[in-house]
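Work through the exercises below with the sequence and the coordinates at hand, and try each task before reading its solution.

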Protein chains: 2
Amino acid sequence: MTYVPSQRLLEQLQAGGTWALGRLISRAEAGLAEARPALAEVYRRAGAAHVIGLTGVPGSGKSTLVAKLAAALRERGEKVGIVAIDPSSPYSGGAILGDRIRMTELANDPGIFIRSMATRGATGGMARAALDAVDLLDVAGYRTIILETVGVGQDEVEVAHASDSTVVVSAPGLGDDIQAIKAGVLEIADIHVVSKCDRDDANRTLTDLKQMLTLGTMVGPKRAWAVPVVGVSSYTGQGIDDLLGRIAAHRGAMTGSELGRERRRRVAEFRLQKTAETLLLERFTAGASAFAPALAETLSGRQTDPYAAARQLISKTIRKEYSNELA
Amino acid sequence: MTYVPSQRLLEQLQAGGTWALGRLISRAEAGLAEARPALAEVYRRAGAAHVIGLTGVPGSGKSTLVAKLAAALRERGEKVGIVAIDPSSPYSGGAILGDRIRMTELANDPGIFIRSMATRGATGGMARAALDAVDLLDVAGYRTIILETVGVGQDEVEVAHASDSTVVVSAPGLGDDIQAIKAGVLEIADIHVVSKCDRDDANRTLTDLKQMLTLGTMVGPKRAWAVPVVGVSSYTGQGIDDLLGRIAAHRGAMTGSELGRERRRRVAEFRLQKTAETLLLERFTAGASAFAPALAETLSGRQTDPYAAARQLISKTIRKEYSNELA
């Protein structure tokens, strides 16, 4: 099979080619240098879609909720893109389909594009790739994009927050350890969802969340957007329309407002940081390979220490990689 | 409370102070610059302990096995240090104790030191901190150190492999998705363990693993160490002594051999890389803060793209941070 240049795929993407879309997402995920000029162009053209970051702890029913939201949006005639980050799949090359099985009913709908991405262990690569994928969907004409991440791990939570509207899903009846994990996730929510509201113990979770928000607003600054708590049941369908209404209201509050501009600036800063880390470490790792084995040998004998050896490695590598640019 | 300098804590550590040990691990975890000279000294003095990296997928019974191993080692009179990396706890400051509850029976034994560490989302910080903690335990006189990580996520797997002997735990009856995750984890094993061997379906897992190893040796180079597969049951105690024997045999095979030197060189190279990434990104992030907001503003308006903006950010920051050193 001949390699189709990314710039060519970009033309096909804009003509509505989902094959080109899938290929370009794969190249973004692989961090291919060849794809970067195309991805750079995609970024400049993107920005029309509304990106919903959706996160929650394992067992909160995120994926089922995403499927319900996507189906409801489809009924309204919208094209929906879904990017799902699955942190339990760092090795399979692609991603694991377990969670996606619930979405088979949607998978045959040409108005929906679903993509699972594996997280990479390394240094902002996952965030960079996921946000490149969002832009690709945007330029391909998907006007609502759901970026789903597991709410475990700083990277995953940050990515869900690198969106226009962040939805955090909580579920009743998860253990205390799960509740503790949630603490850092809860504060990024523009909208709180309590899933599984057909269950008896859901009211307690709703009440707890509302109370927490009240306490939060008492100490925090006055907020231009009051964070709502929405109960949903993917089983009965309860609350799905309400949630879509809240998301639309948040989008309205962000459009053309200082709040919205500030949000997009923050997302751009996050993206800049993650992309810079990727490029910096890529170049550093390549340049360091000339010096690392000898330093590691000395370190292995404990004649030096990791901090001293690392400082040496950094200054040698920076000199090698950047001296021309600094001269 | 007055701040006790890390150098002073190091003296107390060598006099057997577990309070000092706990404080120094916390400072390593927090990445405190003040603690680095002490940690550097600790590294140079360490190297006497045998470090067992133990990993496996969630649900494989790792923590229970660690408790059993620690108890058996204690019966033989050894001091045992345990460092457990819990990736589900990036926000709690400390780590979540859920998995550790099985160890309460051990927690009151002064010959055992257990420390849970949270994973950091960022860039090698977790690996660096975990390996600093291992050295601290080493210098504090713990001669066997178990470094337990969840076998999900590249970082966690790499850390378990940054040890003298790596044990990978599999369990019967986990789903296909879990099996798929395992693929990348399996290849780092010096010793394979199949847990829950009191169960009927354990034999199949044992057979599968042995078959996989046979296929592996047919294509790979001749190995100086034949990877064994050990069945254990934490419930009945079956196989625990066998496992300890295999670990001792692996330690023997590594001691004074080219295989062992090569292993320690590889671990040193990993450690050098992770420490260098930490220091590089620390300095980069600090230096970039002068330029990032303006670049993010331009990026937010989509007048540039993340790759071009990141390249600008890197060259500005490198010039600011390193130009004196390169001049």
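Helices here are DSSP runs of H or I with at least four residues, and strands are runs of E with at least two, numbered from the N terminus. The model is a predicted one.

**Exercise 1.** Determine how many helices and strands chain A has, and what share of its residues is buried.

*Solution.* Counting the runs gives 13 helices and 7 strands in chain A. A residue is buried if 20 or more other C-beta atoms lie within 10 Å of its own, and by this test buried residues make up 52% of the 327 residues in chain A.

**Exercise 2.** Decide where the buried residues of α12(A) lie around the helix, and find what covers them.

*Solution.* Begin with the list for helix α12, residues 292-300 of chain A, in which A292(A), L295(A), A296(A), L299(A) and S300(A) are buried. Viewed down the axis of α12(A), these buried residues fall within an arc of 140°, so they line one face of the helix. The cover over them includes α11 (258-288) and α13 (306-326) of chain A, together with α11 (258-288) of chain B. Finally, α12(A) is followed by R302(A), which has a positive phi, near 60°.

**Exercise 3.** Establish whether the faces of β4(A) are covered or open, and identify the bridge partner of T55(A).

*Solution.* On one side of β4(A), T144(A), I146(A), E148(A) and V150(A) are buried, and on the other I145(A), L147(A) and T149(A) are buried, so that both faces are covered. Since 7 of the 7 residues of this strand (144-150) are buried, the strand is largely enclosed by the rest of the structure. Turning to pairing, 7 bridges join β4(A) to strand β1 (residues 50-56) of chain A, and the two run parallel; within β4(A), T149(A) is the bridge partner of T55(A).

Key:
Residues numbered from 1 in each chain as written. Chains lettered and ligands numbered in written order. Predicted model: local features only at pLDDT ≥ 70, side-chain atom pairs only at ≥ 80, totals over all residues. Buried ≥ 20, exposed ≤ 12 C-beta atoms within 10 Å, placed from the backbone. Arc of directions from axis to C-beta. Contact = placed C-beta atoms within 7 Å. Pairing = 2+ DSSP bridges.
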